[in-house]
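This report examines selected side-chain and helix-packing features of one protein model. The sequence and the coordinates are shown first.

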Amino acid sequence: MWRELAPVGRHPDSGGYRRYAWSAADLDCRAWFRAQAEARGLTYETDRNGNQWAWLGDPLAGDAVVTGSHLDSVPDGGAFDGPLGVVSSFAALDELRSRGVAFTRPLAITNFGDEEGARFGLACVGSRLAAGQLTVADAHRLRDADGIALPAAMESAGYDPEAIGPDPERLARIGAFVELHVEQGRALDLTGDPVGIASAIWPHGRWRFDFRGEANHAGTTRLADRRDPMLTYAETVLAARREAELTGALATFGKIAVEPNGVNAIPSLVRGWLDSRAADQATLDAVVTGIERAAREYAERAGIDLDVVRESFTPVVEFEHALRDELAKILEGSGDTGRPVPVLGTGAGHDAGILSASVPTAMLFVRNPTGISHSPAEHAAEDDCTAGVRALADVLEGLACS
């Protein structure tokens with residue numbers, strides 16, 4: 001499975017993946033998912049929001065155990081973020097069948113659409129729509145960098161954009177959702193464990209900072225006469241690092257757009273996107289407030305106009321304790337050493353976090369030896385991936401089998 005999926009959407013120059021929502025690469029990933037489902041005799045369907053489902057048992061029976069993740073990527077992302085969870089889900093089903101277990105609850109594997117938000121700027125679009133956390137009107141207003149609206153992109157890919165919206169009946173049929181994911185950090189590497197359990201997802205959000213100055217000639221305008229928003233933006237980037245260090249939070253300016261974007265032109269507009277995350281809401285509020293305060297001080301001093309817009313926000317997600325504890329009990333009982341499985345928090349958002357308001361959810365993490373993610377250097381060792389499959393199979397057996 002991994003060899004089949006690995007070439008899809010991989011850029012020949014960067015070696016990273018560009019599997020953007022409703023693009024050709026995304027459609028190839030979707031075709032791969034459907035082929036995997038049909039090869040196993042599973043009932044395949046696509047829901048009203050374009051999320052894919054592969055069912056073992058009656059989809060309408062209720063109290064289903066669902067696993068899976070996503071197949072799309074960030075720009076030049078790694079091979080494991082998302083796909084490891086989907087591949088491991090199919091592999092775990094294969095493992096359970098080899099064990100000869102009897103299923104007492106329906107089981108489903110899913111691929112949620114547009115989890116990364118790389119194309120339209122909002123993460124977890126598929127799960128947000130299903131859970132009613134993204135309105136149809138707001139979804140229809142989403143645009144990519146080329147001005148293409150989400151409905152147009154869906155329609156060109158052969159999906160009906162008029163069907164999107166909340167899907168409470170489907171979510172009500174799910175008794176538990178367990179998402180396996182490569183760890184996006186080094187906690188497991190530091191403890192020496194191949195697999196861990198998620199405790200919570202930190203609150204996080206994205207803010208857009210628009211710095212407006214005055215375009216002018218780079219070769220003729222005196223430094224003293226310039227209203228250069230790039231300088232204010234640069235000072236704000238440094239302020240974000242200082243505020244994050246002071247508060248123990250994370251703050252990153254990772255995306256920038258410049259107008260007119262000429263080598264010999266002073267910019268008129270610098271637009272930067274801030275991603276910030278923290279272990280609790282008070283700390284997140286403190287770091288973002290501190291960054292905005294510094295940006296406004298710099299802007300006022302330099303004669304730059306500044307607008308700050310919060311584009312998305314996800315509050316802290318505490319995974320359901322009962323389900324989390326059940327996973328820990330299952331894995332401790334199935335392990336060779338009887339050693340407790342590490343329980344760790346994460347600053348990364350996931351579909352499991354979005355669904356947690358509607359469905360009991362839990363997550364498993366597979367060790368990432370370098371902690372690198374959202375990069376072609378992202379990696380997990382084959383032995384650890386195999387341990388992840390076995391752990392997921394153990395969990396699914398404990399939840400869905402007699």
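The text below treats salt bridges, individual residue environments and helix packing in turn.

## Salt bridges

The structure is a predicted model, and a search across the whole of it returns 24 salt bridges. Three of these are set out in the table, among them one within a single helix.

| Pair | N to O distance | Location |
|---|---|---|
| Glu-45 and Arg-170 | 3.1 Å | strand S1 and helix H7 |
| Glu-95 and Arg-99 | 2.8 Å | helix H3 |
| Arg-271 and Asp-210 | 2.6 Å | strand S11 and strand S7 |

Consider the pair formed by Glu-45 and Arg-170, whose side chains meet at 3.1 Å, N to O. Glu-45 belongs to strand S1 (residues 43-46) and Arg-170 to helix H7 (residues 168-172), so this salt bridge links parts that lie 125 residues apart in sequence. With 23% relative accessibility, Glu-45 is classed as partly exposed. Arg-170, by contrast, has a relative accessible area of 10% and is buried.

The pair of Glu-95 and Arg-99, at 2.8 Å from N to O, is local in sequence. Both residues lie in helix H3 (residues 83-99), and their spacing of 4 residues corresponds to about one helical turn. In an α-helix there are 3.6 residues a turn, so residues three or four places apart point the same way. Glu-95 is partly exposed, with a relative accessible area of 25%, and Arg-99 is likewise partly exposed, at 31%.

Which parts of the chain does the salt bridge between Arg-271 and Asp-210 tie together? Arg-271 sits in strand S11 (residues 269-277) and Asp-210 in strand S7 (residues 204-212), so the contact joins parts that are 61 residues apart in sequence. Arg-271 counts as partly exposed at 21% relative accessibility, whereas Asp-210 is buried at 2%. Through salt bridges with shared partners, Arg-271 and Asp-210 belong to one network with Arg-208, Arg-212 and Glu-311.

## Two residue environments

Leu-56 is part of strand S2 (residues 52-56). Leaving aside residues up to four places away in sequence, Leu-56 touches Leu-42, Leu-93, Arg-97, Phe-103, Pro-106 and Leu-107. The C-alpha atoms of Leu-56 and Leu-107 are 5.1 Å apart in space, although the two residues are 51 residues apart in sequence. Another of these partners, Leu-93, is one of the buried residues of H3.

Asp-384 lies in helix H13 (residues 382-400). Is Asp-384 buried or exposed? At 9% relative accessibility, Asp-384 counts as buried. With residues up to four places away in sequence excluded, Asp-384 touches Pro-194, Val-366 and Arg-367.

## Helix H3 and its packing against H13

Helix H3 comprises 17 residues and spans 24 Å from its first C-alpha to its last, close to the 24 Å expected at 1.5 Å a residue. Of the 17 residues, 12 are buried, so H3 is largely enclosed by the rest of the structure. The buried set includes Pro-83, Leu-84, Gly-85, Val-86 and Val-87, as well as Leu-96. Just after H3, Gly-100 adopts a positive phi of about 75 degrees.

Two packed helices are described by the angle between their axes and the distance between the axes. For H3 and H13, the axes come within 8 Å and cross at roughly 60 degrees. The two helices are therefore oblique to each other, and H3 passes H13 in a right-handed crossing. On the H3 side, the residues that meet H13 include Leu-84, Ser-88, Ala-92, Glu-95 and Arg-99. Their counterparts in H13 include Cys-385, Val-389, Leu-392, Leu-396 and Glu-397. Both partners of the Glu-95 and Arg-99 salt bridge thus take part in the contact with H13.

## Helices H9 and H10

How are helix H9 and helix H10 arranged as they pack? Helix H9 (residues 229-247) and helix H10 (residues 281-302) have axes 9 Å apart and pack at an angle of about 150 degrees. An angle over 145 degrees counts as roughly antiparallel, so H9 is roughly antiparallel to H10. The crossing of H9 and H10 is right-handed. Residues of H9 at this contact include Thr-232, Glu-235, Ala-239, Arg-242 and Thr-247, and those of H10 include Thr-283, Val-287, Gly-290, Ile-291 and Tyr-298.

Conventions. Residues are numbered from 1 along each chain as its sequence is written. This is a predicted model: local features need pLDDT of at least 70, side-chain atom pairs count only at pLDDT 80 or more; totals for chains, interfaces and linings use all residues. Side-chain values use heavy atoms; hydrogens and water are left out. A salt bridge is a side-chain nitrogen of Lys or Arg within 4 Å of a carboxyl oxygen of Asp or Glu. Buried means under 20% relative accessible area, exposed over 50%, partly exposed in between (1.4 Å probe, protein chains only). Contact means heavy atoms within 4.5 Å. The expected span of a helix is 1.5 Å times one less than its number of residues. Axes are lines fitted to C-alpha atoms, for helices over the stretch in contact, and angles run from 0 to 180 degrees between N-to-C directions. Angles under 35 degrees count as roughly parallel, over 145 as roughly antiparallel, 65 to 115 as roughly perpendicular and the rest as oblique. A crossing is left-handed if the near helix is turned anticlockwise from the far one by less than a right angle, and right-handed if clockwise.
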